[in-house]
Amino acid sequence: MEFCLNRYKVTPPAAASTKMEDGTVLALLIRNFLKHLGEGFMLSLRDLLKESEAMGELKIITQPIDWDEEMGALNYMVAQRENAPILWFKNIKDAKYGSSAVFNLFSSAKDRIALSLGLPKGRSVTDLIQFAKENFGRKVPPRMVPADTAPVNEVIQEGSEIDITGFPAPKMWPRDGGRYLGTWDALVTRDLEDGHLNLGTYRQMIHGPRELFCYWSPGKDARLQSERYWAQNKPFPVAAVYGCDPVLLTVACVTLPKTESEYDYAGGLVNEPVDIFHSDLTGLDLPASAEIIVEGFMHPGKEGLEGPFGEFTGYYGRPEAKTPIIDVQRVRYRKNPILTCALMADYPANELGLLYAIVRSATVWNDLDKLGVPGIKGVYCFPAGAGGFAITAVSIEQRYPGHASQVATLVAQSPAGAYFSKLIIVVDDDVDPTDIHQVLWALSTRFSPADDIDILRNTWSTWLDPTKNPPEERPWGSKAILNACKEHKFIKVFSPRNRVRREVYDRLAARWKEFGLDGEAPRLSSYEDMNGAAPPKPPQKKAGTKK
């Protein structure tokens with residue numbers, strides 16, 4: 001409540017309480033909130049933790065716990081149910097600097113994702129996708145602030161005083177190659193040619209007190225940028241950021257145009273600039289409100305053996321292999337810094353799942369809009385499909401022959417949807433793509449295996465795909481396109497679906513409470529519209545054909 005009062009500039013009367021039941025304060029809050037309805041705002045990590053605690057979705061754990069497997073294992077156990085709480089560990093073995101760690105920041109919790117976008121709780125997955133879609137096209141440049149005002153610069157270490165092993169970096173899984181400081185991070189880099197800043201999420205395993213591995217898959221932005229520096233025998237300046245504003249984590253984990261900065265998209269998503277400051281060490285512009293920033297350089301040819309790591313697929317990624325190393329030269333952190341950690345696992349314990357599903361769905365949809373494809377009614381990348389990567393459903397209003405196939409092929413190769421996608425399912429507009437049960441129903445009743453599967457080969461994949469062996473084959477994948485729409489050539493005579501008439505639905509929904517039923521009447525994806533017409537006749541066999 002206190003955060004909301006501050007955000008929406010509500011000053012309660014001196015005699016008024018700030019409790020939710022206080023009608024005066026609540027009225028002021030609602031009045032000011034309505035001005036902002038539909039528009040997000042920047043929320044810091046600490047703000048999100050406060051709001052989550054107020055909602056009863058934060059567990060502060062003060063009992064001793066080990067960074068070696070225990071934090072990851074407890075996260076996995078707690079997150080076996082959807083909407084599991086954030087876990088904030090405050091008594092971690094070997095932790096220094098007053099540091100702590102948070103796990104399960106988003107997981108499958110819609111309300112926490114809404115808060116991170118500056119929205120009120122209670123939004124549906126479809127609402128969140130629509131918000132992200134409508135705002136991802138907007139760009140708001142970051143705002144430069146003096147370095148000495150940045151909270152992350154409360155403590156600065158350089159040279160021999162640096163010891164990144166003092167942060168509570170976890171070893172998540174038994175077969176992990178070591179402790180991973182970077183699992184929920186944003187790596188800041190600068191393009192050598194056009195100078196734009198890139199933010200991406202890459203795993204980082206500790207190699208020593210002042211050395212940090214950084215793994216990236218082929219085709220990822222930072223990897224492409226590093227290769228340009230190293231081709232000229234130049235060190236690659238980088239900054240690994242932990243505990244930044246949640247909206248930065250949101251944009252750092254998705255694929256955006258390779259010539260533009262995620263800072264602009266983060267600001268645009270909530271219509272508020274990201275506060276940054278300039279580093280005189282790396283020349284990078286860094287998030288002012290981050291909890292921890294590790295700065296340094298990656299030198300040509302400096303590598304070591306990294307991994308394996310339990311990845312978003314729910315499997316260990318590539319075997320131990322050579323990986324570039326960051327030479328850490330400066331560490332910045334807030335007093336009592338909080339390390340953000342992301343467990344990669346099968347659903348629903350995969351931290352990336354729902355958040356990534358929402359943002360990737362929105363950006364794929366925007367890609368289709370930019371291509372001028374008509375009739376798109378919804379897009380959803382299922383979080384259970386390897387963290388939102390592997391399975392995408394698209395709902396369309398079929399408008400011409402080949403429309404469904406065109407949409408599926410474009411989704412499979414779109415900038416936002418190409419990486420590691422495996423199944424692209426197209427359904428009609430009477431099917432909600434966010435509802436796996438409706439999608440499976442459409443596959444069962446509108447999809448013909450003999451006619452409605454197409455395969456794309458040698459597509460963009462990842463070293464982390466366990467289905468391709470030997471591992472050297474993994475960067476080259478394949479995709480299946482499944483057309484679960486009514487057959488277009490017979491769409492006018494396709495068997496009609498059982499549906500409720502809208503006037504009957506409205507009449508019964510208005511009496512929902514009268515019937516003693518809990519909650520609100522569920523929304524239906526479509527309604528019967530007979531318009532006095534008789535049901536369509538099935539297609540007739542031609543004369544002389546076998547029955």
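Start by selecting Leu508, Phe515 and Leu517: together they make a nonpolar surface patch of about 250 Å². Keep in mind that this is a predicted model. Now click on Phe515 alone, which sits in the segment after α13 (502–509). Is Phe515 buried, exposed or partly exposed? With a relative accessibility of 40%, Phe515 counts as partly exposed, because the buried class ends at 20% and the exposed class begins over 50%.

**Zoom out**

Show the whole protein as a cartoon next. You have 13 helices and 22 strands to explore. Of the 547 residues, 53% count as buried. If you switch on the surface, you are looking at about 24,200 Å² of accessible area, and carbon and sulfur atoms hold 53% of that area. How does the chain meet itself? Among contacts in the protein with a separation of 6 or more, 72% are between residues 24 or more positions apart.

**Stop at helix α3**

For an example of two residues that are apart along the chain, select Glu51, in helix α3 (residues 45–54), together with Arg112. These two are 61 residues apart along the chain, and their C-alpha atoms are separated by 8.5 Å. Glu51 counts as buried, because its relative accessibility is 10% and the limit for buried is under 20%.

**On to helix α4**

Select residues 70–78, which form helix α4, and colour Met71, Gly72 and Asn75: these are buried. Why do they lie on the same side of α4? They cover an arc of only 100° around the axis, so they share one side of the helix. A general rule helps here: an α-helix has 3.6 residues a turn, so residues three or four places apart point the same way. Then add β2 (86–89) and β3 (100–103) to your selection, since you will want to see what the buried residues of α4 pack against: it is these two strands.

**Finish at an open sheet**

Finally, select the strands β4, β12 and β13. They form an open sheet in the order β4-β12-β13, with mixed pairing. Which strands are at the edges? They are β4 (143–144) and β13 (285–287), each of which pairs on one side only. Look at β12 (residues 275–278) beside β13: the two run antiparallel and are joined by three bridges. To see one residue pair there, pick Phe277 and find its bridge partner in β13, Leu286.

How values were computed. Residues numbered from 1 in each chain as written. Predicted model: local features only at pLDDT ≥ 70, side-chain atom pairs only at ≥ 80, totals over all residues. Heavy atoms only, no water. Buried < 20%, exposed > 50% of the residue type's maximum accessible area, 1.4 Å probe, protein only. Helix = DSSP H or I, 4+ residues; strand = E, 2+ residues; numbered from the N terminus. Arc of directions from axis to C-beta. Contact = heavy atoms within 4.5 Å. Pairing = 2+ DSSP bridges. Patch = residues over 30% accessible without salt bridge, like charges linked within 9 Å, V, L, I, M, F, W, Y side chains within 5 Å. Areas by Shrake-Rupley, 256 points an atom, 1.4 Å probe, with all protein chains shown as cover. Salt bridge = Lys/Arg side-chain N within 4 Å of Asp/Glu carboxyl O.
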